[in-house]
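User: I am a first-year student, and I would like a close look at one part of this protein. Please take me through the cysteines and the small sheet beside them, step by step.

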Amino acid sequence: MSMFHPGVLALVQTVADMVPNFITIALFSLILYEAAGLAQTAGQFFAFLLFLFSGCLCLTAMFRLIGNASPNLDIGHTVSGVILLFSILLNGYLKPPGQTGWWYRWIYWGINPLAYAYKALMANEFRNLELECTGMSLVPSGPGFDDIAHQVCTLQGARPGELNVLGRDYIAVGYQIYIKDQWKNFAAVIGYWIVFVIAMAVVMEFVEFGNTGYTIRVYKRRKPKVTLVTEDQVSASKETLTFSDSPTDEQILAGTTFTWKDLNYTVPVKGGSRQLLDNVAGFIKPGQMTALMGSSGAGKTTLLDSLSQRKTIGKLEGQVLMNGAELARSFRRSTGYAEQLDVHAPLVTVREALRFSAYLRQEASVPDAEKDEYVERVIYLLGMSEIADCMVGDPETGEGISLEERKRLTIGVELVSKPKILFLDEPTSGLDAQASFKIVQFLRRLAAEGLTILCTIHQPSSMLFEAFDRLLLLARGGHTVYFGDLGSDASTLIGYFERNGAPKCPPSANPAEYILDVAGKSGSAIDWPQMWRDSPECQSVLTEVDRINALKHQAGADHGDAGDNRIYARSIGYQMKLVFRRMFLMQWRNVEYQTTRLALQVICALAIGFTFYNLGDGSADLQFRVMATFFSSVLSVLIVNQVIPEFIRSRKIYGRESSTNQYGWLAWATATILTEWPFALVANTLFVVCLYWTVGLNPISDRVGYFYISYILLGFYSLSLGQAIASFTPNEIVASLVVPIASAFSTLVCGTTVPLALMPKFFSSWLYYLSPFTYFLEGVISSELHGSKVQCKPEELFTFEPPSNSTCNEYAGEWIKNAVGYMTNPDANSACKYCPYAMGDEYLVTLSWSFTHRWRNFGIMIGFLAFNIAFAMFIIKVYKVNKR
C-alpha cells in the first residue's frame, strides 16, 4: 500500500524497543550487581547500567541487521551464530589483543562492538579495586612463608614487594584495558549502534527476498517412468451408474450417505462453557455438492471440524452416522478433509506427495502398482500432469507450484485415498475468480462421479454459488437458518426467505450475498433460527435423515468393511519405513539447511582453531586448551537454534497428515529424530578435522578417538535437546526464549569457568551434576591433559628471591614437594623461577576432575541423549498439534 518507507519501520522499531529493553536491562543489572557484589558506588552502578544498556541496543541492532539481510531463518541463525562466536572469542577476555594472531586483530579493533563494551565494563569495575594476594596466589605460601620480600604474587600486574594489586594494573597488564579509555569505548559502542541502525534501515528499504506475484518451478532431475493417463482411460474407468443432482434411492445405496442430528458443541471458557453449535441437523448424499455458509463467527468451520471428527477440545454431542451406522475407527482416513491452509512437504514432488498419501491410506490389500495407477488418474483429473514432477515448494520463497495448484494438490492428496466423503474448508480462499471457478468445476466433476461433498465457502460469486446443489446456512451461535435445495438460480432458497418476510431479492443481486445480508442483519425483527425450527422444511429434513438411515440399514450397508476397525491402514513398520524414507529425502534435498549446518561447523571450528592456533606446552597454553575445548561445547547452543525451526516446520506437516490417520506419532517422531543424525555426523566430523590439528590438541590416537566420539555424541545430544525444546513449544519465538535458559545454566555450572570448589553451594550441590557439559568437558579435557608435561615459557615463570645464603631448593624445596608446579633452577641462589604446573593432571585437580572418569562420563552423556529422545517422543505423543 506504500503507506511508509520500510526504512522508517526500522527506525521506529529501534525507538519503540528502548523502553522495554531498558526495563529488562535494569532488572538484570539490579540482580547481577548485588548478587556478584560488584563495586558498591552509585556512579559505578549507573555507569554499569549505561554500558550494559548501550551494548544491548548495539547487539539488538546488529542481529536485526543480520535478520533483514538473510533470505531465510536457517541462514540468519547460522550467520548470527558465527558472528556471535567471533565476537566472544575476540573480545579480549580469552586472549588479550597482544596474544591474538595477527589475522584476527583487525576484528578486535575494527568490527567487534562487544570488545569495546567489555572494555568499558571492565574499566568501570576495576577502576578503584584493590586485589589482595593470599593463599594460592602467593609463591611460596603456607607456614614459614610470611615475608613478601621472598615471595611473589602471581596476580597479573603485581609489583615486587607488595601484597596488593591495583585493579587498573591488573586489567592493564593482563587484558590491555586502560581506565583512561573507558568513555572512548562507550562512544565506540554508540557509534556501532548508529551504524547498525542506519544499515538496517537501508537493507529494509532496498533488499527484498522472494518473488512477488509469481513462482519459479523446480523440477526433479530424474523423472520416474510412468504411463500417462488419457481422457479415454478416465472415462472407461468411471462407474456405470451416473449420479444426478437429485440422487435416486438406487444411487443413495450405491454411494455414501452422511447424516447428523441434534448436534451440539460446547467449549470451556472462563467461568463456564460456550455453545458453538445448537441442535444442527442435516445430511449429504452421493452425487451432490452441499455448501456450508454463514457470517463470520457462525460456526462453519466448527461444524465441518465436528462432522469430520477433527475436534480436539470441547464436548460434541448428537447423532452422526455414515451409511446409517456409527462412525468406524477408520473414519478419518477413509474420508477426505481438504483444509483451508495448504500445508504440504515443500521438498517433495507433486507425484511423490500423492503417492505417499495413497500408500498409507488405501488398504494394504491394494497392490502398489494399482495405487500408482490411481495416482496418475488423479493427477490427470487435477490437470497437473505437466507439474507432476515439480517440487511443491514454499510460497514464501517463490519456488514451487502456484497457490491455485497447491489448492488442487490439497484436494488431490485426499482424493488418492479414495475417500467415501470429501470435506473442504473454503477451497477457493485466496484464489482469483478464474482459479476459483476451476476448483469448483473440478469438484462438480467429482460429484458427478458419485462422491459425497460438503464444502464451506465464503461469499461466493453467483457463478460459483450456482454449482452447488444444497445449502446449510448458519447464524452466529451455530444456529441453523436454512438447509435445503438451492433450486435453479437459487429460486428455492430465495423463495423460502421471501415467503417468510425477507425483502425481495433484486434480479441482479448475488443470491449468496442476499441471504447473508438477510440472515446476518443485526436488529432484524425476524428470528431466522426460530423461524427455521418452526418451519415444515425443518421437519422434512429430520424426516429425510431418518429415511436415509433406514434405507441403508435395510440394505445392510451399515455393517461396514473388514478394515473399518483399524485406525491406520498400514502397519507401524510400514509407516516408519515410508515416513523415514520421505524425511531422509527431504533432508537430502534441503540444500540450504544442510549447507548452513556444514558451514556452521566448519567456520566455527576454524574460528576456534585459529584463535588458539598451534598451542604449545606452556602454562598459558594449558588453559587455552581448556578454553578451546570449552568453546567446542558452547557451539552446541548454535546447533540447538538451527534444529528448532526445522522441527517446527516438519511438525506442521505432521499435524495435517496425522489428522487423516496416515501414520502415527511413533513413525514421525522416530523419523524426525533419526534422519538428522547422518547429516550431523558428517558436519561434526568436519568440525573435529578442522579444529583438532589446527589447535594442536593431544596427538595420541586413543585421545583423538575419544574426542571424536565424544563430540559426535555431543552433536547428537544438541540435536535431541533442540527437538525436545521444540516439541513442547508452539513456535520459534517461544523456543528461542527457552534455549538461553537451558544453555546458560548448563554452561555456567559445568565446572570450567567456575571450578567446583569455588562454586556456591546451591549450584555445586545439584545443578553441577545436572549439566551435560560437566561430563562432556571432564571427559575430553581430562583425556587431553592427562600425562602431558608442562614447559613454561620464560615470560610465564614467576620469580622470587630466596633469603641470603640459601638456594631456591633449600628455601622452597619442602613447599614445592607438596605444591603443584616446579622450579626450573632449584640450585640457584637468586631469582628462583617457578612454573605453576608440571603436569596437565595438576590442572585437572584444580577443576576437581579425573582422567579415570572419562568412560563413566561418556555413558552419562548417552543417558542425557536417551532422556532427550524419550522426552521429545513423549511430548510428541501427548502434544496436540492442531488444537481445534
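Analyst: Start with a single facing pair. Y822 stands opposite C835, a residue of strand β19. This is a predicted model, so every value here is computed from it.

Now widen the view to the strands. Y822 faces C835 where β18 meets β19. β18 and β19, the latter spanning residues 832-835, are antiparallel partners joined over two bridges. A third strand completes the open sheet, and the order is β17-β19-β18. The pairing is antiparallel. At the edges sit β17 (798-800) and β18 (822-823), each with pairing on one side only. What holds such strands to each other? Strands of a sheet pair through backbone hydrogen bonds, either parallel or antiparallel.

Next, the disulfides. How many does the structure hold? There are three. Counting bonded cysteines along the chain, the pattern reads 1-2, 3-6, 4-5. Two of the links end in strand β19, at C835 and at C832.

Take C835 again. Its disulfide partner is C792, with 1.8 Å from sulfur to sulfur. The turn about the S-S bond is 65 degrees, which makes this link right-handed. Where does each end lie? C792 is in the loop between α30 (772-785) and β17, while C835 is in β19, so the bond ties together parts that are 43 residues apart in sequence. Are the two ends buried or exposed? The cut-off for buried is under 20% relative accessible area. C792 comes out at 14%, so C792 counts as buried. C835 comes out at 0%, so C835 is buried too.

The second link to β19 uses C832. A disulfide joins C832 to C808, with the sulfurs 1.9 Å apart. Here the angle about the S-S bond is -95 degrees, and the link is left-handed. C808 belongs to helix α31 (residues 808-818) and C832 to strand β19, so this bond connects a helix with a strand across 24 residues of sequence. Both C808 and C832 are buried.

The remaining disulfide is elsewhere in the chain. C133 and C153 are bonded, and their sulfur atoms lie 1.6 Å apart. This link is left-handed, with -50 degrees about the S-S bond. C133 is in the loop between β1 (130-132) and β2 (138-139), and C153 is in strand β3 (residues 152-153), so the bond ties together parts 20 residues apart in sequence. C133 and C153 are both buried.

Now compare some cysteines without a partner. Why is C604 not bonded to C690? The sulfur of C690 is the closest cysteine sulfur to that of C604, but the gap is 11 Å, too far for a bond. A disulfide needs the sulfur atoms within 2.5 Å. C604 has 0% relative accessibility, so C604 counts as buried. C58 is in no disulfide either. The nearest cysteine sulfur to C58 belongs to C56, and it is 9.9 Å away. C58 is at 1% relative accessibility and therefore counts as buried.

Put the part back together. β19 is the strand between β17 and β18 in the sheet order. One disulfide links β19 to the loop between α30 and β17. Another links β19 to helix α31.

Definitions and conventions: Residues numbered from 1 in each chain as written. Predicted model: local features only at pLDDT ≥ 70, side-chain atom pairs only at ≥ 80, totals over all residues. Heavy atoms only, no water. Pairing = 2+ DSSP bridges. Helix = DSSP H or I, 4+ residues; strand = E, 2+ residues; numbered from the N terminus. Buried < 20%, exposed > 50% of the residue type's maximum accessible area, 1.4 Å probe, protein only.
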